[in-house]
Amino acid sequence: MTEFRKKLHHILTQGVWQTKDTGVVVCCAGAEGSYKILYTALENGLVLKWRGKGKKSDLTGVLKGHKGMVTSVLTYSSKHLNLPYIVFTGSADSSIKLWDPKSSQRVREGSITEGVCVQTLQGHGGTVTCMMQVHDYVLSGSTDCSVR
């Protein structure tokens, strides 16, 4: 836990996002080759990507783009669609974002992070509370009492 707090503090104080709210809301695990991947969604709208192998873990990405608390994370893969691994995040801002976790982007000069937002899905009128993969589809539920 100490390693997590040190890296999180570094991210928050280096200008990626400034906030006092840094509680973890939801976690989601996935796999990327021989690495185990963990996504931790924070109250401030950030999603942190951790890559672990054996007993070592590294913070490798910050998914930034939601305007509200991230409430759900889904790692998605489909052999039928030839999609090895993508990530969906749902938020209190009523949106779902689709991320390519293998792409990288420059956050600020000298800093590159993994994870690029490919698309933002709109349509819910409330907080996205859950998402699940059913075959080649992603279903989402919201506080607006709808499933999409």
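Contact here means heavy atoms within 4.5 Å, and I begin with that cut-off since my opening entry leans on it.

**Entry 1: S142 and its surroundings**

I looked up S142 and found its place in strand β10, which covers residues 137–142. With neighbours within four places in sequence left aside, S142 is in contact with H124, G126, T127, V128 and T129. I then asked whether S142 is buried or exposed. Its relative accessibility is 10%, and because buried means under 20%, S142 counts as buried.

**Entry 2: how far to trust the model**

I note for myself that this is a predicted model, and I therefore turned to the confidence values before reading further. The mean pLDDT of the protein chain is 76, and 67% of its residues reach 70 or more. Among the elements of the chain, β10 has the highest mean pLDDT, at 90, whereas helix α1, residues 2–13, has the lowest, at 59. Over residues 15–20 the pLDDT is below 50, although this stretch still has 15 contacts in the model beyond near neighbours in sequence.

**Entry 3: the chain as a whole**

I went through the elements in order and recorded one helix and ten strands in the protein chain. Read along the sequence, the pattern is α-β-β-β-β-β-β-β-β-β-β, with the helix ahead of the strands. Of the 148 residues, 42% count as buried. The chain exposes about 8,500 Å², and carbon and sulfur atoms supply 53% of that area. I also looked at contacts in the chain with a separation of 6 or more, and residues 24 or more positions apart account for 40% of them.

**Entry 4: strand β3 and its hairpin**

How many of the seven residues of strand β3 are buried? I found that six of them are, so this strand, residues 47–53, is largely enclosed by the rest of the structure. One residue I followed up is L48, which lies in β3 and is buried, with a relative accessible area of 0%. L48 and C27 are 21 residues apart in sequence, and their C-alpha atoms are 9.5 Å apart in space.

I next traced the partner strand, β4, residues 56–63, which pairs with β3 in the antiparallel sense over seven bridges. Within this pairing, R51 stands opposite D58 in β4. The hairpin of β3 and β4 has two residues between the strands, and in this hairpin G54 takes a positive phi near 70°.

**Entry 5: the nonpolar cores**

I listed the members of the largest nonpolar core and wrote down ten residues: I37, Y39, A41, V47, L63, V70, V73, Y85, V87 and W99. Strands β2 (35–42), β5 (70–78) and β6 (83–91) each supply at least two residues of this core, and the largest share, three residues, comes from β2. Apart from this core lies another, of eight residues, among them Y76, L98, V128 and M131.

**Entry 6: G65 in a loop**

I looked up G65 and found its place in the loop between β4 and β5. Leaving aside neighbours within four places in sequence, I saw that G65 is in contact with K97 and W99; W99 is also a member of the largest nonpolar core. G65 itself is partly exposed, with a relative accessible area of 34%. The C-alpha atoms of G65 and V116 are separated by 9.6 Å, while the two residues are 51 apart along the chain.

**Entry 7: positive phi outside glycine**

I kept a separate page for backbone angles, because most residues other than glycine have a negative phi. S94 has a phi near 75°, a positive value in a residue other than glycine. The place of S94 is in the loop between β6 and β7, and at 14% relative accessibility it counts as buried. C145 likewise has a positive phi, near 70°, and is a residue other than glycine. C145 lies in the segment after β10, and at 78% relative accessibility it counts as exposed.

**Entry 8: the cysteines**

Having met C145, I also checked C117, which at 28% relative accessibility counts as partly exposed. How many disulfides does the count come to? Taking a disulfide as a pair of cysteine sulfur atoms within 2.5 Å, I arrived at a count of zero.

Key: Residues numbered from 1 in each chain as written. Predicted model: local features only at pLDDT ≥ 70, side-chain atom pairs only at ≥ 80, totals over all residues. Heavy atoms only, no water. Buried < 20%, exposed > 50% of the residue type's maximum accessible area, 1.4 Å probe, protein only. Helix = DSSP H or I, 4+ residues; strand = E, 2+ residues; numbered from the N terminus. Pairing = 2+ DSSP bridges. Areas by Shrake-Rupley, 256 points an atom, 1.4 Å probe, with all protein chains shown as cover. Core = buried A, V, L, I, M, F, W, Y, C linked by side-chain atoms within 4.5 Å. pLDDT = per-residue confidence, 0-100.
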